[in-house]
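New notebook page. I want to look up how this protein is laid out and what sits around its ligand.

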Amino acid sequence: MTAAERAREWLSSAKSIAVLTGAGISAESGIPTFRDQWGRSPDRPPLWNQFRPEDLATPQAFARDPKFVWEWYDWRRSLIAKAEPNAGHLALAELERRKPNFTLITQNVDGLHDRAGSTHVLKVHGDIWTLRCTLCSHERHDPRPSLPELPPKCNCGAIERPGVVWFGENLPPEIWAQAEQAAEAAGVFLVVGTSALVYPAAGLVHLAKASGAKVVEVNPAETPVSGMVDFSWRAAAAEALPQLL
Ligand code: OAD
């Protein structure tokens with residue numbers, strides 16, 4: 001039996017499954033990752049090779065220059081709007097339909113899991129299509145790829161911010177608590193397309209392992225968790241995930 005076949009058996013007999021995805025699952029949809037030891041292409045370099053996170057993804061950067069930060073998010077929204085979910089996203093949506101006890105946790109803000117048909121996605125880093133008022137905290141969904149005014153404004157008059165988690169900010173506590181519970185309860189934990197460098201999200205892999213899950217990693221490159229998982233599958237998500245079904 002190959003390792004992939006064994007992983008498929010683990011999944012089919014698991015009473016509960018949790019999945020953690022990162023930017024790599026959307027790579028084959030044409031969305032750049034943040035940092036990448038694999039698949040680097042001149043037309044799609046990783047974001048943190050082109051930009052400095054501290055200029056764009058921190059509360060301080062936003063306080064300094066909200067328009068500049070918004071222009072970057074608006075550019076990303078327009079890229080994502082043109083992209084389609086790939087076979088990896090679709091396979092996870094199918095797994096949710098087949099398995100009663102299934103939790104999808106994503107670090108991605110792109111919304112491609114929703115568009116692929118996943119109905120319950122724990123977005124631990126927020127959602128780029130959500131806008132949140134900096135004054136009254138009102139949140140709204142805005143699907144327009146390009147916003148007419150930057151920064152956008154709330155009905156109360158204050159400016160809005162992207163509904164994402166920036167460096168130095170806490171993860172949404174309720175969503176995070178559900179993610180931890182799912183990792184603890186999982187019989188199989190899949191970790192897909194993440195460099196596993198950003199905490200606390202990456203800590204879910206360790207939590208799942210320590211709680212007894214079989215952990216399967218899908219990533220074309222080695223990561224800091226490759227050595228501790230039960231099977232590290234060096235493959236692209238769109239290729240490997242359909243084979244796990
Ligand atoms: P990274 O960009 O850090 O890592 C992407 C991972 O995907 C790398 O390990 C690649 O090897 C892998 N990869 C590339 N192509 C792939 C493919 N086709 N199939 C599967 N894997 C592939 O992305 P994340 O780990 O998601 O946070 O980054 C974590 C967080 O850092 C992000 O959520 C974001 C970022 O700064 C915030 O903005 C708070």
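First, a note to self on terms: the domain bounds I use come from an automatic or database domain assignment. Also worth writing at the top: this is a predicted model.

Entry 1, layout. I looked up the domains and found the protein divided into domain 1 (3–30 + 85–125 + 170–244) and domain 2 (32–82 + 128–164). Where the two meet, 13 residues from domain 1 and 13 residues from domain 2 make the contact. I also checked the spacing: the centres of domain 1 and domain 2, taken over C-alpha atoms, are 24 Å apart.

Entry 2, where the ligand sits. I went through the pockets, and the largest pocket is the space that the ligand takes. Which domains supply the shell around the ligand? Domain 1 and domain 2 each give at least three residues to it.

Entry 3, the shell. I counted 24 residues surrounding the ligand, and the closest are Phe34, Arg35, Thr194, Ser195 and Asn219. By type, the shell splits into 12 nonpolar, nine polar and three charged residues.

Entry 4, polar atoms facing the ligand. What lies 2.6 Å from an oxygen atom of the ligand? My answer is an N or O atom in the side chain of Thr194. For Asn219, a side-chain N or O atom is 2.7 Å from a ligand oxygen atom. I noted His125 too, with a polar side-chain atom 2.8 Å from an oxygen atom of the ligand. Last check, cover: on its own the ligand has 800 Å² of accessible area, and the protein covers 96% of that.

Conventions: Residues are numbered from 1 along each chain as its sequence is written. This is a predicted model: local features need pLDDT of at least 70, side-chain atom pairs count only at pLDDT 80 or more; totals for chains, interfaces and linings use all residues. Side-chain values use heavy atoms; hydrogens and water are left out. A residue is near a molecule or strand if one of its heavy atoms lies within 4 Å of it. A polar contact is a pair of N or O atoms within 3.5 Å; within protein, one must be able to donate a hydrogen and the other to accept it, and residues adjacent in sequence count only if both atoms are side-chain atoms. Accessible areas come from the Shrake-Rupley method with a 1.4 Å probe; for residues, only the protein chains shown count as cover. On a 1 Å grid over the protein atoms alone, a cavity is a set of points where a 1.4 Å probe fits but cannot get out, and a pocket is an open set with protein on both sides within 12 Å along at least five of seven lines; lining residues have an atom within 4 Å of a point. A molecule sits in a cavity or pocket if more than half of its atoms lie within 2 Å of its grid points. Ala, Val, Leu, Ile, Met, Phe, Trp, Tyr, Cys and Pro count as nonpolar, Asp, Glu, Lys and Arg as charged, and the others, Gly among them, as polar. Contact means heavy atoms within 4.5 Å.
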